[in-house]
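Please open the model in your viewer and keep the sequence panel beside it, since this tour moves from one selection to the next. At each stop, make the selection before reading on.

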Amino acid sequence: MKEKGSIVTQTLNSLKKRLEENNNVIQVQNEEGHLFDAKCTFHPPASDEEILDFESQTGFILPPDYKAFLKKSNGCRLFDDVHYGGEIELYSLQQIIDFNEHYDQYEGCYDIAYIYQDNIVINSRLISQNKENYLFWKGHIDQFEEAIPLKMNFELWFDRFVISQGTKFWSWSIYTAENYYKLS
């Protein structure tokens, strides 16, 4: 049985190794054949004390797999085009505090990432109920009640996100051969 957080650690280590082997740039192929050179920027790890202080200050519950990520990198930017930048940011603990003041009415729900007009949200009420699938996605300006369950935890999402090279894989099922050309 895998320990929670082990997939995060392996995924991060492998991504960092790929970057190191290629002068901190990797070639990414996204949807519709878009090819570009990308870089990733990782923040220093969060300490156990910083994580405990965050939980105490905010009342948010951090799941074990997400804590494993924070202990490796307290936030990061992923798959930034080396020429044009990007819009993929997994927040640091301080950014989570800064960007989640508006969730007072949705106690325990907080944004952890911004990805091309979408937010990834943890519902810590589900974590407190020992639910494994606590991750949601919503549009950047949507209210939390409009969030859609991803039916996974952070480390499964993170692993799939890295495998898909920064593409919003969670929206792929929306597109079919009948509607793809009308919606995109």
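## A tour by selection

This is a predicted model, and the first stop is helix α2, where the face turned away from the buried side carries the exposed residues Glu49, Leu52, Ser56 and Gln57.

Now select the whole of α2, residues 48-58, and look for its buried residues, which are Ile51, Phe54 and Glu55. Seen down the axis of α2, these buried residues fall within an arc of 95°, so they line one face of the helix. To see what that face meets, add α3 (64-72) and α4 (93-99) to the selection, because the buried residues of α2 pack against both of these helices. Just after α2, stop at Gly59, which takes a positive phi of about 80°.

Next, select Glu55 alone, within helix α2. Is Glu55 buried or exposed? Its relative accessible area is 17%, and because the cut-off for buried is under 20%, Glu55 counts as buried. Follow its side chain outwards, and you will find that it reaches the backbone nitrogen of Leu62 at 2.9 Å. Leaving aside neighbours within four places in sequence, Glu55 is in contact with Phe60, Ile61, Leu62 and Lys67.

Leu62 is therefore a natural next selection; it sits in the loop between α2 and α3, and it is buried, with a relative accessible area of 2%. If residues up to four places away in sequence are not counted, Leu62 touches Ile51, Phe54, Glu55, Lys67, Leu70, Leu93 and Tyr110. Select Ile122 as well and draw a line between the two C-alpha atoms: Leu62 and Ile122 are 60 residues apart in sequence, and their C-alpha atoms are 8.4 Å apart in space.

Now move to helix α6, residues 154-163, and colour its buried residues, which are Phe154, Glu155, Trp157, Phe158, Phe161 and Val162. They cover an arc of only 160° around the axis, which puts them on the same side of α6. At the N-terminal end of α6, select Asn153, which caps the helix with a side-chain oxygen lying 3.5 Å from the backbone nitrogen of Glu155. Just after α6, Gln165 takes a positive phi of about 55°.

Keep α6 on screen and add helix α1, residues 6-21, which packs with α6 at an angle of about 25°, with the two axes 8 Å apart. The two helices are therefore roughly parallel to each other, and α1 passes α6 in a left-handed crossing. The contact is made by Ser6, Ile7, Val8, Thr11, Leu12 and Leu15 of α1, together with Phe154, Glu155, Leu156, Phe158, Asp159 and Val162 of α6.

The last stop concerns backbone angles, and a general point helps here: most residues other than glycine have a negative phi. Select Glu32, in the loop between β1 (26-29) and β2 (35-42), where phi is near 60°, a positive value in a residue other than glycine. At 65% relative accessibility, Glu32 counts as exposed. Then select Lys151, in the loop between β8 (148-149) and α6, which has a positive phi of about 60° although it is not a glycine. Lys151 is exposed, with a relative accessible area of 66%.

Key:
Residues numbered from 1 in each chain as written. Predicted model: local features only at pLDDT ≥ 70, side-chain atom pairs only at ≥ 80, totals over all residues. Heavy atoms only, no water. Buried < 20%, exposed > 50% of the residue type's maximum accessible area, 1.4 Å probe, protein only. Helix = DSSP H or I, 4+ residues; strand = E, 2+ residues; numbered from the N terminus. Arc of directions from axis to C-beta. Polar contact = N/O pair within 3.5 Å; in protein donor to acceptor, adjacent residues only side chain to side chain. Axes fitted to C-alpha atoms, helices over the stretch in contact; angles between N-to-C directions. Parallel < 35°, antiparallel > 145°, perpendicular 65-115°, else oblique. Left-handed = near helix turned anticlockwise from the far one by under 90°. Contact = heavy atoms within 4.5 Å.
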